[in-house]
Amino acid sequence: MQTRPADDTSPADWAPIWAALLHWRAGATPQRSPAPIDDLVWQADAGWCWQREASAAALALFALYKPLLDAATASDRPWWLAQLGQSLDGCIATASGDSCFVTGEASLLHLHRLRALCDAVLVGAGTVAADNPQLTTRRVPGPHATRVLLDPGARLDGRARALHDGLAPSLWLCDAQHRLQAEARLGAGSHAQVIAVEGLLDDDGSLVPTRVVQALARHGLRRVFVEGGGVTVSHFLDAGCLHRLHLVVAPLLIGQGRRGLQLATRAALADCHRPPAKVYALGEDRLWDLDLRAAAEGLSAPAPR
């Protein structure tokens, strides 16, 4: 009998559900009447539903990924999700930058599942410079997403391992005015591609998140997972580009550390984000699943046909 790795915190009956989700991922396209996948069945009034008996823990995990499946099946419009793992006092790292690991093993598994289910995983230049992440799917079975390094001003030195290891397609996204600089730093031997976007930076030098959404949609990347860091996630949240935000809170107090979300100042509570939310247990961590569809519907440009 096959046994699970010692660090696999998934429910014992999760494997067949995950296999069905990967089957969906392999052929996910918007359709009017999607064909059933194993025990995964599309219902017009309820979206994708799991038909086989399963534990409450396994069904809760399925419910966490269901919005992604439903949105991708119902429409070819871009659908963006972000996640941040933080302490109880809102920090994603210590003041010195130590972030390994704020959240626990179950949350890391969840992060890798999101990579496997999405077309692309995106991180900002600050995260690349600090952590040099691989952004691959190593902790769970599943495909690697396209890795997107968002670096509008081409500040990176071009040596990040995601740009050279060849493990998954990689894009270095910068403003068009910095194309030559990025290409020169990347060099001819890289497996990655520089994508230069007109107007990625506004006149005042700030990022225009909607241009990122549109640029990736033109490359066929519609289901996008924004993995970090806090500044990058905050940009997309403030711009109304996110359909979902997974905020994972660990039972940890950091104190004077690096903040996670850094949103625009609002004077009144009535003007603050108060989205519909559900809470899921991931080991000792708690994941807040925030539904941001109302803010994102008007700003996610449809993918070209």
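The following legends describe close-up views of a predicted model.

**View 1. The largest pocket and its lining.**
The largest pocket encloses about 1200 Å³ of space. Its lining is made up of 47 residues, and those closest to the pocket centre are Thr127, Asp131, Glu227, Gly228 and Gly229. By residue class, the lining of the largest pocket comprises 18 nonpolar, 19 polar and 10 charged residues.

**View 2. Secondary-structure elements around the largest pocket.**
At least two lining residues of the largest pocket come from each of the strands β3 (79-86), β4 (91-93), β5 (120-124), β9 (223-228) and β11 (258-259). The helices α3 (105-117), α4 (125-131) and α7 (230-238) likewise each supply at least two residues. The element that gives the most to this lining is α4, with 5 residues.

**View 3. Helix α3.**
Helix α3 has 13 residues, and at 1.5 Å a residue these should span 18 Å; the C-alpha atoms at its two ends are 19 Å apart, in agreement with that expectation. The helix is mostly covered, as 12 of its 13 residues are buried. Among the buried residues are the leucines Leu108, Leu109, Leu111, Leu114 and Leu117. Buried positions of α3 also include His110, His112, Arg113 and Arg115, as well as Ala106, Ser107 and Ala116.

**View 4. Strand β6 and its pairing with β5.**
Strand β6 covers residues 146-150, and 5 of its 5 residues are buried, so the strand is largely enclosed by the rest of the structure. Thr146, Val148 and Leu150 point one way from β6, whereas Arg147 and Leu149 point the other way; all are buried. Strands β5 and β6 pair in the parallel sense over 5 bridges. In this pairing, Ala120 stands opposite Thr146 of β6.

**View 5. The cis peptide bond between Cys100 and Phe101.**
Most peptide bonds are trans. The bond that joins Cys100 and Phe101 is cis, with omega about -10 degrees. Phe101 belongs to the loop between β4 and α3. Cys100 has a relative accessibility of 60% and therefore counts as exposed.

**View 6. The cis peptide bond between Gly228 and Gly229.**
A cis peptide bond leads from Gly228 to Gly229, with omega near -5 degrees. Gly229 is placed in the loop between β9 and α7. Both glycines are among the residues closest to the centre of the largest pocket.

**View 7. Cysteine residues and the absence of disulfides.**
The structure holds 0 disulfides. Cys100 is in no disulfide, and the nearest cysteine sulfur, that of Cys91, lies 16 Å away. For Cys272, the closest cysteine sulfur is also in Cys91, at 19 Å. A disulfide requires two cysteine sulfur atoms within 2.5 Å, so the sulfur of Cys272 is too far away for a bond. With a relative accessibility of 34%, Cys272 counts as partly exposed.

**View 8. Leu135 and Ala154, two residues with positive phi.**
Most residues other than glycine have a negative phi. Leu135, although not a glycine, has a positive phi of about 65 degrees. Leu135 is found in the loop between α4 and β6, and is buried, with a relative accessible area of 1%. Ala154 also has a positive phi, near 50 degrees. Ala154 lies in the loop between β6 and β7 (170-175). Its relative accessible area is 1%, so Ala154 is buried.

**View 9. The positions of Thr9 and Arg138.**
Thr9 is located in the segment before α1 (15-26). At a relative accessibility of 44%, Thr9 counts as partly exposed. Thr9 and Arg138 are separated by 129 residues in sequence, and their C-alpha atoms are 15 Å apart in space.

**View 10. The positions of Leu171 and Asn132.**
Leu171 forms part of strand β7. The relative accessibility of Leu171 is 8%; the cut-off for a buried residue is under 20%, and Leu171 therefore counts as buried. Leu171 and Asn132 are 39 residues apart along the chain, with 15 Å between their C-alpha atoms.

Terms used:
Residues are numbered from 1 along each chain as its sequence is written. This is a predicted model: local features need pLDDT of at least 70, side-chain atom pairs count only at pLDDT 80 or more; totals for chains, interfaces and linings use all residues. Side-chain values use heavy atoms; hydrogens and water are left out. On a 1 Å grid over the protein atoms alone, a cavity is a set of points where a 1.4 Å probe fits but cannot get out, and a pocket is an open set with protein on both sides within 12 Å along at least five of seven lines; lining residues have an atom within 4 Å of a point. Grid points are joined across faces, edges and corners, and a volume is the space filled by probe spheres set on the points. Helices (H or I, at least four residues) and strands (E, at least two) are DSSP runs, numbered from the N terminus. Ala, Val, Leu, Ile, Met, Phe, Trp, Tyr, Cys and Pro count as nonpolar, Asp, Glu, Lys and Arg as charged, and the others, Gly among them, as polar. Buried means under 20% relative accessible area, exposed over 50%, partly exposed in between (1.4 Å probe, protein chains only). The expected span of a helix is 1.5 Å times one less than its number of residues. Two strands pair if DSSP finds at least two bridges between them.
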